[in-house]
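Student: I should like a close look at a single part of this model, namely the pairing of strands and what is packed against them. Please treat the matter as one connected account, with the criteria behind each term.

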Amino acid sequence: MRPAAERCLFFADYMVWCWAWIICCEEGEDHGRVPVIGAGDRRVADSFTDFVKAHVADSMSVC
């Protein structure tokens, strides 16, 4: 999954730039999905809600 950068919202962890994620804002099958960047660029959640739930339960699960 590699959506166009201008159609994504990038965000990073609050302490250091260890991990970064994007939310795909582009219409299509990847809309709303959250991949991690720099760790093989893999999807970690199907929505931001799922990302937050996973991060709260086990922060390393989204890395």
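Tutor: S2 and S3 pair in the antiparallel sense over two bridges; two strands are said to pair if DSSP finds at least two bridges between them. The strands, like the helices, are DSSP runs numbered from the N terminus, with at least two residues (E) for a strand and at least four (H or I) for a helix. The model is a predicted one, in which local features require pLDDT of at least 70 and side-chain atom pairs count only at pLDDT 80 or more, whereas totals for chains, interfaces and linings use all residues. Residues are numbered from 1 along each chain as its sequence is written, and side-chain values rest on heavy atoms, with hydrogens and water left out.

Within the pairing of S2 and S3, Trp21 has Val36 in S3 as its bridge partner. Strand S2 covers residues 20-24 and includes Ile22. Ile22 counts as buried because its relative accessibility is 4%, where buried means under 20% relative accessible area, exposed over 50%, and partly exposed in between, with a 1.4 Å probe and protein chains only. The C-alpha atoms of Ile22 and Arg33 are 8.1 Å apart in space, and the two residues are 11 apart in sequence.

Next comes the sheet to which this pair belongs. Four strands form an open sheet in the order S1-S2-S3-S4, with antiparallel pairing. Strand S1 (8-12) and strand S4 (43-45) are the edge strands, each of which pairs on one side only. From one strand to the next the twist averages 35°; axes are lines fitted to C-alpha atoms, for helices over the stretch in contact, and angles run from 0 to 180 degrees between N-to-C directions.

On the other side of S3 (residues 34-37), the pairing with S4 is likewise in the antiparallel sense, over two bridges. Val34 has Ala45 in S4 as its bridge partner, and Pro35 stands opposite Arg43 in S4. Helix H1 (residues 48-57) packs on the sheet and touches S1, S2, S3 and S4, with its direction at about 85° to that of S4; contact here means heavy atoms within 4.5 Å.

The aromatic residues show how strand S2 and helix H1 meet. The structure holds two aromatic pairs; rings of Phe, Tyr and Trp (its six-membered ring) pair if their centres lie within 6.5 Å, and planes under 30 degrees apart count as stacked, over 60 as edge-to-face and the rest as tilted. One of them joins Trp21 and Phe51 in an edge-to-face arrangement, at 5.1 Å centre to centre with 65° between the planes. This pair links distant parts of the chain, since Trp21 lies in strand S2 and Phe51 in helix H1, 30 residues apart. Trp21 and Phe51 are both buried. The pair of Phe48 and Phe51 is stacked because the ring centres lie 6.0 Å apart and the planes meet at 20°. Both of these phenylalanines belong to helix H1, three residues apart, or about one turn of the helix. Phe48 counts as partly exposed because its relative accessibility is 41%, while Phe51, at 5%, counts as buried. Trp21, Phe48 and Phe51 together form one aromatic cluster.

Two of these aromatic residues, Trp21 and Phe51, also enter the largest nonpolar core, which has eight residues, the others being Ile23, Val34, Val36, Val44, Ala45 and Val62. Such a core is a set of buried Ala, Val, Leu, Ile, Met, Phe, Trp, Tyr and Cys residues joined through side-chain atoms within 4.5 Å. Strands S2, S3 and S4 are the elements that give two or more residues to this core. In soluble globular proteins, nonpolar side chains tend to be buried together. Val62 touches Trp21, Val36, Val44, Phe51, Ala54 and His55, residues up to four places away in sequence not being counted.

Cysteines complete the picture. Cys24 is buried, as its relative accessible area is 2%, and Cys63 is buried at 13%. The structure holds zero disulfides, a disulfide being a pair of cysteine sulfur atoms within 2.5 Å. For the protein chain as a whole, the elements run β-β-β-β-α from the N terminus on, and buried residues make up 27% of the 63 residues.
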